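I opened this model to look up a few local features, and I note below what I found, entry by entry.

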Amino acid sequence: MQTCVIKIGSNVVTQEDGMPDFSRIKSLCTQVSFLKNKGIKVVLVTSGAVAFGRKNILLPEKTNPVLKKQIWAANGQIALIHTYQQLFSELGHSIAQILVTKEDFRDRKHYLNMKNCIEGLLSQSIIPVINENDTVAITELMFTDNDELASLTAAMINADTLILLTNVNGIYTGPPELQDSKLIQHVDQQTQDLSSFIQASKSSFGRGGMLTKLNMAKKSANLGISVFIANGKREAILNDILNGSAICTQFEPSQVKQSPKKWLAHGEQYYKGEIRINEGAKNALFSNKISSLLPVGVISYSGDFEKGDILRIIDERGNRIGLGRAEYGIKALIEKTGQKKQKPIIHYDYLYLFTHE
């Protein structure tokens, strides 16, 4: 483990009544300090702002739910980051706050600016503490939850490890509270689909659930990142993960992907345009030979995109087959579509293909 992104869920940093669990936060900070002192670079993606805000501000029941969350997040983020700052300062570490929205990951230049900022902080041994900017995010621009944000962050900074802390030990073969349910401790590329084991329930104080964690873990592992879903309420859980004794679910990583492909792998919700390609172009992309997508293979297109935007690629039947970064905009593609000896609309280095079925 060299660079680790740790996501701390709402149910980890809150008590049963929804109030902040200061003793648990202090314990986790001590464990992160232990990792830091071992030479590991750590990025925290933390929930809890709304819980801290709920503690500080009592709002009328009739208050609009979205506004209520914005008010609590705006107020609670201050207390949350102050708590981390105080605890880490006592342990001899500096932190920096980064608030993001999904829009920040859409543009490649903005994405690289964020990446450079986080890597700059890590180079100075500063712990980046990242959270979604709930005060400005609207529904269509919100992350599914902080599991998605943590997964995006791990891919962005080329982390080798992603730890998703929740209030159960990992993924079970049934509801965790049932005695017959068994913990699935190891998941590799040959493991069957686990989604059938998971109930579509969400946490009490967060937006996400175990299905989101499973999807993000699989995507991250496919990019070459080792992923752990573990119980953040267990004492010394981070220490146990480091020494290999943790009771948790671990996802074995595939071969590491190039950085641009990691960006694209999470671009399904950020694409600005769509291009339909013919069967010949599709076969070329999925062949063993390295191939870029040329305009001659494009049948049709939609969207208003420019150079650098993410494009979704579909085949003649409308099946999603991949994502790529546009080498030029829609106006240039209109002129080049169907023509030979033209510059690729998507270069191989900026092409991410879904599993070929």
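**Helix α3 and its cover**

I looked first at helix α3 (residues 49–56), where A49, V50, A51, F52 and G53 are buried, buried meaning under 20% relative accessible area with a 1.4 Å probe and protein chains only. Helices here are DSSP runs of H or I with at least four residues, and strands are runs of E with at least two, numbered from the N terminus. I then looked up what covers these buried residues of α3, and the cover includes α2, α4 (65–90) and β4 (126–132).

This is a predicted model, in which local features need pLDDT of at least 70 and side-chain atom pairs count only at pLDDT 80 or more, while totals for chains, interfaces and linings use all residues. Residues are numbered from 1 along each chain as its sequence is written, and side-chain values use heavy atoms, with hydrogens and water left out.

**K36**

I turned to K36, which lies in helix α2 (residues 22–37). K36 is buried yet has no salt bridge (a side-chain nitrogen of Lys or Arg within 4 Å of a carboxyl oxygen of Asp or Glu), and D160, the nearest side chain of opposite charge, is 14 Å away. Leaving aside neighbours within four places in sequence, I find K36 in contact with V42, H93, S125, I126 and I127, contact meaning heavy atoms within 4.5 Å.

**The open sheet**

Last, I traced an open sheet of 5 strands in the order β10-β9-β11-β12-β13, with mixed pairing, where two strands pair if DSSP finds at least two bridges between them. Its edge strands, β10 (298–303) and β13 (351–353), each pair on one side only.

Key: Buried < 20%, exposed > 50% of the residue type's maximum accessible area, 1.4 Å probe, protein only. Lys, Arg positive; Asp, Glu negative; His and termini not counted.
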